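Thank you for making time for this; please bring the structure up on your own screens, since I will be moving between residues as I talk. I will keep to what can be read from the coordinates, and I will leave room for discussion at the end.

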Amino acid sequence: MSDTPFGFGLPPEEPENGDEGKKKDPAGGGHGAGGPSPANPFGFGLGDGGADNPFAAMFGSLNPNDLGAAFQQLGQMLSYEGGPVNWDMAKQIARQTVSQGTADGTKDESVGPAERTAVEEALRLADLWLDGVTSLPSGATTAVAWSRAEWVEETLPAWRQLADPVAERVGIAMGSVLPEEMQAMAGPLIGMMRSMGGAMFGQQIGQAVGVLAGEVVGSTDIGLPLGPAGKAALLPLNIEALGKDLGVPKEEVRLYLALRESAHQRLFAHVPWLRSHLFGAVEGYARGIKVDTTKLEDVVGQFDPSHPEQLQEALQQGMFQPEDTPQQKAALARLETALALVEGWVDAVVHEAASTRLTSAGALRETLRRRRASGGPAEQTFATLIGLQLRPRRLRDASRLWASLTDARGVDGRDALWEHPDMLPTATDLDDPDGFVHREHLDFSELDKMLGEAASKGAGAGSEGEAPGNDDGEGKGAVDGEDGEDGEDGKDGSGR
């Protein structure tokens, strides 16, 4: 590490011939150098304007409007005093990204009455079809059609929950890159660095969410509940863009995607532990992420306010590195498996509902699978925000497992596995679906009942010194299995 952390050193002396000096020393931090030097991170050297124009080297190429915008953005970055992410900036940049339109030139637009009605009817019909293929009841209390801008507004609270844990680690790292002997007297500087860190994340998240808004078709595309609970949502503009080259009637595309959205809603509404389980898995993974402080120091030391997009590029170049520890590997496996099980269940259930009703069901299913497998928007956004690259191949494994469970145990037996997280398949089970399907599982509803009865008996028998639940082996059958058989299979089948 240099003696001047973040490059906050004195500017180099101005050569006698300023223009010649720039040509001879392109790293001198002047405007002609194409950017600031590490020793002069913000470019505050004396440029063509000499002492009368100390900012010429930094902003010489900007017109007055751009100059004002650059100073405004710098002011926002350094004055932010909130949490680890500047969410006001994230929202602003996401909205700006949406307003610019997608790469194909499609601009965002408000949802008209006809499209709104079509989405509502598709979601209503999807719920009717799902009634016959899952024991979970409808989970949507509201059906809505969103524009891209509305998707940004509605999903930002969920992005905040996902991104804050990693951003917090970056904020801590920004203070730690200062030499220890300087930290005690560098309070304002550390505060400024953390403000800049919040802005860096705000810019990156805003850009990522804005791009994602141009590609998602609902509120659950990434397998997580990004929207408000009970609100099933589709984006008509993006659905049209997805289906225009498929040769599939627009109505079928909309209805198939409505089935997927409605299936996700049922799962998240009626499996009460699932949301916290998924977000907890993301947070657990985030705790094991190591920040590359060397790269962080370089980013901050070479920051040029006239080119704020450099912050985004720096964040995309691998600042976050998962620690190669057993705990981190276990956290990654939990997260990947949980997401695969959610997506696999939705894939299997939707296929069962649509295959006999929509002529293009098979083609649409494969299109969406390939979209995920090719590193689609969800995977890229996760990789950008929390250094996590999902493995979409597990989706097919999980879908096969859920389909096999349906054949072997029926709809009720398959969906009953969602009653408790310990009943779900593990990563190992995804490698051997048939083995999992034909193993017995603990009935956790009976176990919970048995524990409740034992607790009440223990309270009544405490004065006599009796151990709860030991009367005559009561409860053993519930642990060993419903049929009273050897409980070893049940134990193994839980994957634990």
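I will begin with confidence and overall make-up, then turn to the core, one aspartate within it, the salt bridges, and two further buried places.

What we have here is a predicted model, and the mean pLDDT of the protein is 73, with 56% of its residues reaching 70 or more. Over residues 1-61 the pLDDT is below 50, and in the model this stretch has 94 contacts beyond near neighbours in sequence. The pLDDT also stays under 50 over residues 462-496, where the model has 36 contacts beyond four places in sequence. I would ask you to keep those two stretches in mind when I quote totals for the whole chain.

As for the overall make-up, the protein has 22 helices and four strands, and 48% of its 496 residues count as buried. If we take the contacts with a separation of 6 or more, 79% of them are accounted for by residues 24 or more positions apart. The accessible surface comes to about 23200 Å², and carbon and sulfur atoms hold 50% of that.

Let me move to the interior. Which residues touch the most other members of the largest nonpolar core? In this set of 92 residues they are Trp151, Trp159, Leu274, Trp345, Trp402 and Trp418. Helix 14, residues 326-354, supplies the largest share of the core, with 14 residues. In soluble globular proteins, as a general point, nonpolar side chains tend to be buried together.

One of those residues, Trp345, deserves a longer look. Leaving aside neighbours within four places in sequence, Trp345 is in contact with Thr134, Leu136, Ala263, Leu267, Trp402, Arg414, Asp415 and Trp418. Among these partners I would pick out Asp415, whose side chain is joined to that of Trp345 by a polar contact of 3.0 Å.

Asp415 lies in helix 17, and is it buried or exposed? Its relative accessible area is 4%, so Asp415 is buried. Not counting residues up to four places away in sequence, Asp415 touches Thr134, Ser135, Leu136 and Trp345. The side chains of Asp415 and Arg414 also meet in a salt bridge, at 2.8 Å from N to O, and Arg414 is itself buried, with a relative accessible area of 0%. Both side chains of this charged pair are therefore on residues that count as buried, at 4% for Asp415 and 0% for Arg414.

That brings me to the salt bridges, of which the structure holds 19. Side chains of opposite charge can pair when their charged atoms come close. A second example is the salt bridge between the side chains of Arg394 and Asp431, at 3.0 Å from N to O. Arg394 lies in helix 17 and Asp431 in helix 18, so the pair ties together parts that are 37 residues apart in sequence. The two ends have contrasting surroundings, since Arg394 counts as buried at 5% relative accessibility, whereas Asp431 is exposed at 57%. This pair also belongs to a network of salt bridges that links Arg394, Asp397, Arg400 and Asp431.

For a pair within one helix, consider Arg370 and Glu366, which form a salt bridge whose closest N and O atoms are 3.3 Å apart. Both lie in helix 15, residues 361-373, and they are four residues apart, about one turn of the helix. An α-helix has 3.6 residues a turn, so residues three or four places apart point the same way. Arg370 is exposed, with a relative accessible area of 57%, while Glu366 counts as partly exposed at 26%.

Finally, the two further buried places. Why can helix 9, residues 236-243, be called largely enclosed by the rest of the structure? Six of its eight residues are buried, which is the reason for that description, and they are Pro236, Leu237, Asn238, Ile239, Leu242 and Gly243. The other place is Leu424, in the loop between helix 17 (393-415) and helix 18 (427-431), where a relative accessibility of 7% means that this leucine counts as buried. The C-alpha atoms of Leu424 and Leu341 are separated by 8.3 Å, although the two residues are 83 apart along the chain.

That is where I will stop, and I am glad to go back to any of these residues.

Terms used. Residues are numbered from 1 along each chain as its sequence is written. This is a predicted model: local features need pLDDT of at least 70, side-chain atom pairs count only at pLDDT 80 or more; totals for chains, interfaces and linings use all residues. Side-chain values use heavy atoms; hydrogens and water are left out. Buried means under 20% relative accessible area, exposed over 50%, partly exposed in between (1.4 Å probe, protein chains only). Helices (H or I, at least four residues) and strands (E, at least two) are DSSP runs, numbered from the N terminus. pLDDT is the predictor's confidence in each residue, from 0 to 100. Contact means heavy atoms within 4.5 Å. A salt bridge is a side-chain nitrogen of Lys or Arg within 4 Å of a carboxyl oxygen of Asp or Glu. A nonpolar core is a set of buried Ala, Val, Leu, Ile, Met, Phe, Trp, Tyr and Cys residues joined through side-chain atoms within 4.5 Å. A polar contact is a pair of N or O atoms within 3.5 Å; within protein, one must be able to donate a hydrogen and the other to accept it, and residues adjacent in sequence count only if both atoms are side-chain atoms. Accessible areas come from the Shrake-Rupley method with a 1.4 Å probe; for residues, only the protein chains shown count as cover.
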